[in-house]
Amino acid sequence: MLRIDKVQIIEGVTVYGDDENPNLFYVLPNTPRFRKVGDDYTFKFVKYRTPIKRENGKLGGAFAFFDVEFTIPDEQLEAVKETLRQKLNSSESGGSGDVEIGQLTFTDGKASINLENVSKEIVETVWNPGSPALYGNYITPFTVEFTPDGAALFQHALQGEGGSVQVAYDLYTWAKLPPIKVKGRFNAEKFYSFYQQIDLNWSSWSKDAYREKIIEKARDSDSYEIEFEWGATTDPEIQKDIREWAHKTMEDAIARKMVNAIEPVSEKGRKKPWGKKHVTRDFVNQKISSFTLEFDERLPFKWNPAPRGTLPNIEDFMKYYSEVDTDDPFFKQLHVPISVNADFEDLPIHSVEVHVDYNQGDVHTIEQPLLKGPDDVAWFKTYTDGENFNYKYWYQINYRGMSQFFKSEEFETDDRNLVINVDDTGVLVVDAKVGDLDFGEISQAIVTLRYDGGAADGFEECFSLDRMTKEHKIRKVILQPRNNPYMYKVKYVMANGRKFEGDWQKGDSRTLYINSPFSYKKEVSVRTIGELGTDVRNIFLNLVYEDPDNKYTQKESLILNREKPYFTWVFPVVSSSQGDVTYAGTIQFADGTVEEIEMTCADSDTIVVGPAIRNILSVEVHPDLVDFDEVKLVKVALLYGDEKNGIKEKKDVILRPESKKPEAWTVKLKDRNLVEYRWQATFFMKDGTVKMGEPMTSEEPSVVPKLPGSRNSGDKHGNEDEFEDETGFREDQTRFED
């Protein structure tokens with residue numbers, strides 16, 4: 001396939017290299033030209049001796065009929081091949097062998113002429129089929145009608161040196177990019193927490209006491225980024241197309257993957273239940289979504305070399321010039337160029353017979369030209385009856401090596417250009433090629449292609465594509481125009497031996513690219529919490545990804561220990577928004593005991609396992625409410641006791657002005673239900689005084705010390721005191737009162 005960055009100019013033409021074969025080249029001329037048949041141009045300029053009066057008041061002046069082709073003369077092509085041959089076999093290149101000139105297959109195209117945009121004071125109308133022939137010399141016929149002023153101007157401009165007619169071709173073919181990489185990442189997270197405490201004290205002798213405390217937090221964030229590694233690709237237009245594709249693909253995936261908003265606790269859910277004096281509600285909800293998209297140079301894209309330029313003037317212009325009287329019947333003629341837009345060498349077509357019949361009034365003309373190639377252009381010419389330019393035609397396709405032929409129905413038209421397209425030739429043309437298949441993941445793609453021809457006999461064909469066989473051609477004679485899409489499905493044989501079969505899909509393009517069904521890669525991170533190697537020896541885990549809609553499954557087994565405390569599982573998936581990961585396993589402790597991890601469905605792309613998830617008390621001490629303009633430092637004494645299991649843990653946390661982040665305190669638990677601890681804060685003021693907060697009992701995961709109110713103190717240095725926690729442990733404390 002053509003590589004757009006392998007380009008050089010030789011003998012005035014552009015030469016591109018192939019992405020795989022170093023001996024294969026594609027040669028493109030830089031400009032189109034007037035077509036010649038032998039030594040004569042296919043050009044005619046007819047000037048009206050007397051202008052034609054029209055209903056709109058405008059006057060006709062001249063007609064020009066000509067063909068434009070996009071080709072290279074044989075002698076110039078031979079010179080290009082000789083230069084390529086010398087370069088290929090030079091000692092510097094290290095190449096060898098003969099030069100091959102490849103034929104590009106254009107899937108779509110159009111041709112335009114600058115006369116279409118010239119003022120109506122100069123040009124009346126331009127006729128052309130819009131699309132050139134996509135095979136052979138890519139011929140496009142043009143018919144131009146000039147005003148009287150335009151006729152005189154055009155006649156003068158086409159003589160002498162230089163040129164005045166400019167033609168632009170847009171021809172689209174499949175090409176390969178140079179090495180590039182695009183990687184996109186998306187992450188979305190929504191978090192909501194709600195804490196409510198209601199205390200109601202009824203009193204017979206005084207007013208009832210009601211106290212309600214609510215803490216409500218919400219966080220909503222999402223982001224995505226796209227990274228481009230352009231390599232040697234510097235063309236801004238190519239970079240623009242790839243950027244637009246990547247952002248559009250990411251936006252489509254985000255629309256499918258975006259997590260729903262979390263609804264806050266309703267007003268009804270906040271009310272105190274009937275008959276309850278004390279209520280505590282604690283609600284936490286978190287949703288996480290992420291995916292990664294990758295794209296590299298394996299994916300082909302449609303490319304337009306866009307040849308264009310000024311046609312050289314006609315040599316001996318007056319040879320092709322004539323003048324006529326508008327009252328002459330010659331003016332009332334119908335000229336229709338007839339061509340076949342099909343590659344006769346590639347298709348099993350021997351020839352095409354076209355039967356054209358003009359029968360209006362007293363004029364009856366029949367012509368039956370025989371076309372034997374895409375460069376053959378036949379002209380149907382006839383006098384007309386007044387202004388009626390309708391004619392009828394049918395055509396017959398004769399196939400090589402077959403007695404059968406295809407005869408079309410009869411059509412009626414007034415089209416000034418009659419083109420028989422490849423889909424009208426009674427041949428199903430499909431070129432199946434490898435698209436973005438990654439042969440590191442997929443070893444083989446088995447394709448079944450089916451065509452239901454309606455009135456004609458249908459057929460089914462099965463073929464495979466792999467690392468060695470990257471394309472397959474189907475040229476099936478169906479004896480009718482291809483009016484229906486073909487159907488195809490692909491069975492993918494994975495590198496690990498598993499198979500994945502896609503659904504039936506419709507195809508309409510003549511080039512069928514077999515791409516990977518795995519548009520995304522899923523990344524699952526497995527992390528552990530716990531004393532691996534001390535309390536826990538090994539964690540055995542089995543992970544399963546299932547996408548039932550696409551009948552796709554992936555499995556992975558792993559062992560986590562001190563040497564390997566985490567694992568990242570990356571695998572291809574069909575859809576970023578479908579499929580679930582489940583896991584189960586066993587925890588093996590150092591003392592020989594085991595604990596089963598029950599089958600669990602992962603609610604995010606990060607899985608955390610280990611006994612420490614359930615047997616750890618974790619407390620954070622926050623400095624947010626400390627005014628360090630008055631306070632020099634704060635000492636927070638923390639105490640946890642489990643007398644039954646012989647656990648006594650304490651820690652002093654020091655908060656200073658430079659303390660910006662919370663300090664953490666963790667305690668291993670033997671009784672996971674006992675999570676109560678005590679804490680007390682001592683504030684050392686900048687004026688030398690010391691203030692001590694009250695001892696507090698809490699189960700909250702956060703401690704936020706706050707300076708107590710001022711009280712009179714007779715002793716700046718405080719007094720010895722001691723407090724006993726509810727677990728029976730006694731801790732000496734120094735309390736200061738001011």
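This is a short dialogue on reading a helix, a strand and a pocket in a predicted model.

Trainee: Let's start with helix 2. Which of its residues are buried?

Mentor: A general idea helps here. An α-helix makes a turn every 3.6 residues, so positions three or four apart point the same way. Now for the case at hand: helix 2 covers residues 148-157, and its buried residues are G150, A151, F154 and Q155. Looking down the axis of helix 2, you'd find those buried residues within an arc of 130°, so they line one face of the helix.

Trainee: And what does the face turned away from the buried side carry?

Mentor: Exposed residues, namely D149 and H156.

Trainee: On to strand 25. How many of its residues are buried?

Mentor: In general, the side chains of a regular strand alternate between the two faces of the sheet. As for strand 25 (residues 391-399), 8 of its 9 residues are buried, so the rest of the structure largely encloses it.

Trainee: Which way do strand 21 and strand 25 run, parallel or antiparallel?

Mentor: They run antiparallel, with 8 bridges joining strand 25 to strand 21 (residues 349-360). If you want a pair to find on screen, try E353 and its bridge partner in strand 25, Q396.

Trainee: What about strand 27, how many bridges does it make with strand 25?

Mentor: There are 3, again in the antiparallel sense, and strand 27 spans residues 411-413. Look for Y393, whose bridge partner in strand 27 is F411.

Trainee: How many residues lie between strand 25 and strand 26 in their hairpin?

Mentor: There are 5, and G401 in the turn has a positive phi of about 70°. Strand 26 (residues 405-407) runs antiparallel to strand 25, and 3 bridges join the two. Across that pairing, N398 stands opposite F405 of strand 26.

Trainee: Last one, the pockets. What volume does the largest pocket have?

Mentor: About 1400 Å³. It has 35 lining residues, and the closest to its centre are I215, S698, E700, P701 and S702.

Trainee: Which strand gives the largest share of that lining?

Mentor: Strand 14 does, with 5 residues. Several strands each supply at least two residues of the lining, among them strand 14 (181-201), strand 15 (209-229), strand 16 (278-296) and strand 48 (677-685).

Trainee: How many lining residues of the largest pocket are nonpolar, polar and charged?

Mentor: The lining divides into 17 nonpolar, 8 polar and 10 charged residues.

How values were computed:
Residues numbered from 1 in each chain as written. Predicted model: local features only at pLDDT ≥ 70, side-chain atom pairs only at ≥ 80, totals over all residues. Heavy atoms only, no water. Buried < 20%, exposed > 50% of the residue type's maximum accessible area, 1.4 Å probe, protein only. Helix = DSSP H or I, 4+ residues; strand = E, 2+ residues; numbered from the N terminus. Arc of directions from axis to C-beta. Pairing = 2+ DSSP bridges. 1 Å grid on protein atoms, 1.4 Å probe; cavity = no way out; pocket = protein on both sides within 12 Å on 5 of 7 lines; lining within 4 Å. Points joined across faces, edges and corners; volume = space filled by probe spheres on them. Nonpolar A, V, L, I, M, F, W, Y, C, P; charged D, E, K, R; others polar.
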